[in-house]
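Let's take a walk through this fold, from the overall make-up down to a few individual side chains. Have the viewer open and follow along.

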Amino acid sequence: MGNACVADGGTPHRADIQFMNDTNFPLHLDRSIGCNRDCMCKGWQVIDGKIVEGCQPPNEIPAFSKGMFSVSGREGSAVAPTGKVFYRNEALNLDVTLCYSKTGWSTEEKSAASIAVNGKPDSKGRWTRLLKAESQIWSKVLTTDVNVDNWMFTLQHRENGEDWKNIVEDIGDQS
């Protein structure tokens, strides 16, 4: 069977979510954040629906790779899935939250999704000395894109110049 957040059975309003980590940094499921339910799952919060059993968010999404997981409504319910999945790179103080809200048959609203990027790298890191500047918050270094038509979440570097690539490689070496 499954627990309150993760369950098997029918999958109405299913969304197969893809998360493209197009950065040099591996991301790990943030198990410090709980689901706030009796099942005590870690790394996500399901508001409505469920995470499909056997299709849970991966524990790690390596640099330049894709992770996939599936969410859905519950069998016999018209309520579509809504929730959050949390990833983190502790060494870089980088937090990434995927938010999803799929609509179902009973609403005229459109599905919505977003990615929140938080944190700030250590200002004493070697790469900040290369920049000769104070480190910036991650949301100014990374950019996001979400397409709810195919449930693709993308995290990528904001800049792509050669100097920037060298700095990003150095940051990646710290993770």
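A quick word on naming before we start: helices (H or I, at least four residues) and strands (E, at least two) are DSSP runs, numbered from the N terminus. By that scheme, His157 belongs to strand S12. Keep in mind that what you're looking at is a predicted model.

Start with the big picture. The chain has three helices and 12 strands. Of its 175 residues, 43% are buried. Look at contacts between residues at least 6 apart in sequence, and 64% of them turn out to join residues at least 24 apart. As for the outside, the chain exposes about 9100 Å², with carbon and sulfur atoms supplying 45% of that area.

Now for the sheet. Six strands line up in the order S1-S5-S7-S2-S12-S11, making an open sheet with mixed pairing. Strand S1 (6-7) and strand S11 (142-147) sit at the edges with a single partner strand each, so one side of each has no neighbour in the sheet. In general, strands of a sheet pair through backbone hydrogen bonds, either parallel or antiparallel.

Strand S2 is a good place to see both kinds. With strand S12 (residues 152-157), S2 (residues 15-22) runs parallel, and five bridges join the two. With strand S7 (residues 65-72), S2 runs antiparallel, and here there are seven bridges. Pick out Met20 and you can follow the pairing both ways: its bridge partner in S7 is Lys66, while its bridge partner in S12 is Thr154. Phe19 has a bridge partner in S12 too, namely Phe153.

Stay on Phe19, since it takes us from the sheet into the core. The largest nonpolar core has 31 residues, and Phe19 is among those with the most contacts inside it, along with Trp44, Tyr87, Leu94, Val96 and Tyr100. Strand S9 (residues 94-101) gives the most to this core, contributing four residues. A core like this fits a familiar pattern: in soluble globular proteins, nonpolar side chains tend to be buried together. What does Phe19 touch, leaving aside residues up to four places away in sequence? Its contacts include Tyr87 and Val96, as well as Leu27, Ile61, Leu98 and Leu155. Phe153 is on the list as well, and so are Ser65, Lys66 and Gly67.

Back to His157 in strand S12. Is this histidine, His157, buried or exposed? At 11% relative accessibility, His157 counts as buried, because the cut-off for buried is under 20%. The side chain of His157 also has a polar partner, contacting the side chain of Asn24 at 2.9 Å.

For contrast, head to the loop between strand S3 (27-29) and strand S4 (44-48), where you'll find Ser32. With 64% relative accessibility, Ser32 counts as exposed. Its side chain makes a polar contact of 2.5 Å with that of Asp30. Ser32 also lies 9.3 Å from Phe86, C-alpha to C-alpha, though the two are 54 residues apart in sequence.

Last stop: the cysteines. How many disulfides does a search of the whole structure find? Zero. Take Cys39, which counts as partly exposed at 21% relative accessibility. The closest cysteine sulfur to its own is in Cys35, 3.5 Å away, and that is too far for a bond, because a disulfide needs the two sulfur atoms within 2.5 Å.

Note on methods:
Residues numbered from 1 in each chain as written. Predicted model: local features only at pLDDT ≥ 70, side-chain atom pairs only at ≥ 80, totals over all residues. Heavy atoms only, no water. Core = buried A, V, L, I, M, F, W, Y, C linked by side-chain atoms within 4.5 Å. Buried < 20%, exposed > 50% of the residue type's maximum accessible area, 1.4 Å probe, protein only. Contact = heavy atoms within 4.5 Å. Pairing = 2+ DSSP bridges. Areas by Shrake-Rupley, 256 points an atom, 1.4 Å probe, with all protein chains shown as cover. Polar contact = N/O pair within 3.5 Å; in protein donor to acceptor, adjacent residues only side chain to side chain.
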